[in-house]
Amino acid sequence: MHTRAPLNADRRRRGKVYSVSLGGLFILLAVCALFVYVAVENRPAKREGNFASAPAYIADQVTVLGLPNARFWAWFDTQGPLLIHEWEQAEERERAITGGSLPPASYLAVSGGGGDGAFGAGLLCGWFDTGTMPTFKLVTGVSTGSMIAPFAFLRGKYMEQLRKIYTTISDKDIRTMRALNGLYGVVFGDALADTAPLYELISRYVNEQMLADITAAYKKGRLLLIATASLDQQRPVLWNIGAIAASGHPEAVELVRKLILASASIPGAFPPVMINVEADGRHYQEMNVDAGVVAQTFLYPVYLGYQLRTGPSHDRERHAYIIRNSRLDPDWASVTRDFLTITQRSVATMVHYLGYNDMLRLYESARRDHVDYNLAFIETDFLKKKREAFDPEYMKELFDHSFAKGQQGYAWHKAPPIYEETLDR
């Protein structure tokens, strides 16, 4: 008993040092890349012709696979009327099944978080096993959340597949490093790593059968939305996976695979995903990356929130379940006084609080729109530290931890921690 604690503590320290050194390597490469980029004149060619990005003045005309409802801008400049029309059409499909009345609606938003997605996967699998998890009217996902979202949306046999993904994968299933390409390749390539392994993983599960099942759910009035960020337009995009699946387009399966890959593609670390789009009668390519550069969690755009509280179904009972695949408490570390460590620690701190602010934003939106708010996140009772981004031992233990909580009946937080003390008074 007395010999194991120091070993565990030492293992945790080694994990911390390892993560810092990887972050330092990334920052060092970025600094070197900047110098090389400025000094070298022979740079990648400008995107032209069908590979060019759509001009900003026709951004609202961008479509994919010729579908008018496959995607929506997801921020303040959202395509409000189109999104409202899609929502109303979905409710009409619900009414056709129920005979006119609308049952209580449950929404699920799953955040980014890399390997910490094992938390959300375990929680949902445990919850499903109790038989009390609702059939969600709306499911949204960002980054690792986009990997989880289709399985939570479809439920049933897909929950076992979700369990398998998050308890068996490791770094080698996600990426291969490109560092051997040399500094020139790092600078003028599009990322430090290749995500071909991740695309292969996605393709094993996202197939014709999955899209057929998503289509069936969509025809019942349910919506599955995956978020990416368009670097060309500097705007987040919500992709309507149900509409894409229901189109029957021969390229639909491939597009959904690419969208999930794009949603998980951290800029610089992973390559962006180029999506073929159309606008104003011309073909373009749009550069899409992880939507976490804008927000690590989406529930619904502000414009749609206005419709929820003022539209024909404003009195419908609504419940939002937000899963934050991360901790919300500070992660203490003794920071070494050097450039790389300070920079990495600062970036990590920024990302941490951006994710926390997402929880505050969604809480205020839910209050405004009269939606019951429920939050889950990795709490302080989980102590294991990861040794790498997708550490299989860490992910398995985190999955089992949250699975047990889901089976026992998770105590959902009715507000972000910073607000809970106020509510308890």
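## Exercises: strand S3 and two cavities

Leu 138, Thr 140 and Val 142 point one way from S3, Val 139 and Gly 141 point the other way, and all are buried. Buried means under 20% relative accessible area (1.4 Å probe, protein chains only). The model is predicted: local features need pLDDT of at least 70, side-chain atom pairs count only at pLDDT 80 or more, and totals for chains, interfaces and linings use all residues. Residues are numbered from 1 along each chain as its sequence is written, and side-chain values use heavy atoms, with hydrogens and water left out.

**Exercise 1.** Explain why strand S3 is largely enclosed by the rest of the structure.

*Solution.*
- Step 1: Find the strand. S3 covers residues 138-142. Strands are DSSP runs (E, at least two residues), and helices are runs of H or I with at least four; both are numbered from the N terminus.
- Step 2: Count burial. Five of the five residues are buried, so S3 is largely enclosed.

**Exercise 2.** Place S3 among its partner strands, S2 and S6.

*Solution.*
- Step 1: Take S2 (residues 105-110). Four bridges join S2 to S3, and the two run parallel. Strands pair if DSSP finds at least two bridges between them.
- Step 2: Take S6. Five bridges join S3 to S6, again parallel.
- Step 3: Follow Val 139. Val 139 is the bridge partner of Leu 108, and Val 139 stands opposite Leu 224 in S6.
- Step 4: Add the helix. S2, helix H3 (residues 117-129) and S3 form a right-handed β-α-β unit. Right-handed means that, with the strands pointing away from the viewer, the path from the first strand over the helix to the second runs clockwise.

**Exercise 3.** Describe the lining of the second largest cavity.

*Solution.*
- Step 1: Fix the term. On a 1 Å grid over the protein atoms alone, a cavity is a set of points where a 1.4 Å probe fits but cannot get out; lining residues have an atom within 4 Å of a point.
- Step 2: Give the volume. The second largest cavity has about 50 Å³, the volume being the space filled by probe spheres set on the points, which are joined across faces, edges and corners.
- Step 3: Read the lining. Among its residues are Leu 138, Phe 72, Glu 86 and Asn 240.
- Step 4: Assign elements. Helix H2 (80-98) and strand S6 (223-230) each supply at least two residues. H2 gives the most, with three.
- Step 5: Sort by class. The lining has seven nonpolar residues, one polar and one charged. Nonpolar covers Ala, Val, Leu, Ile, Met, Phe, Trp, Tyr, Cys and Pro; charged covers Asp, Glu, Lys and Arg; the others, Gly among them, are polar.

How values were computed: On a 1 Å grid over the protein atoms alone, a cavity is a set of points where a 1.4 Å probe fits but cannot get out, and a pocket is an open set with protein on both sides within 12 Å along at least five of seven lines; lining residues have an atom within 4 Å of a point. Buried means under 20% relative accessible area, exposed over 50%, partly exposed in between (1.4 Å probe, protein chains only).
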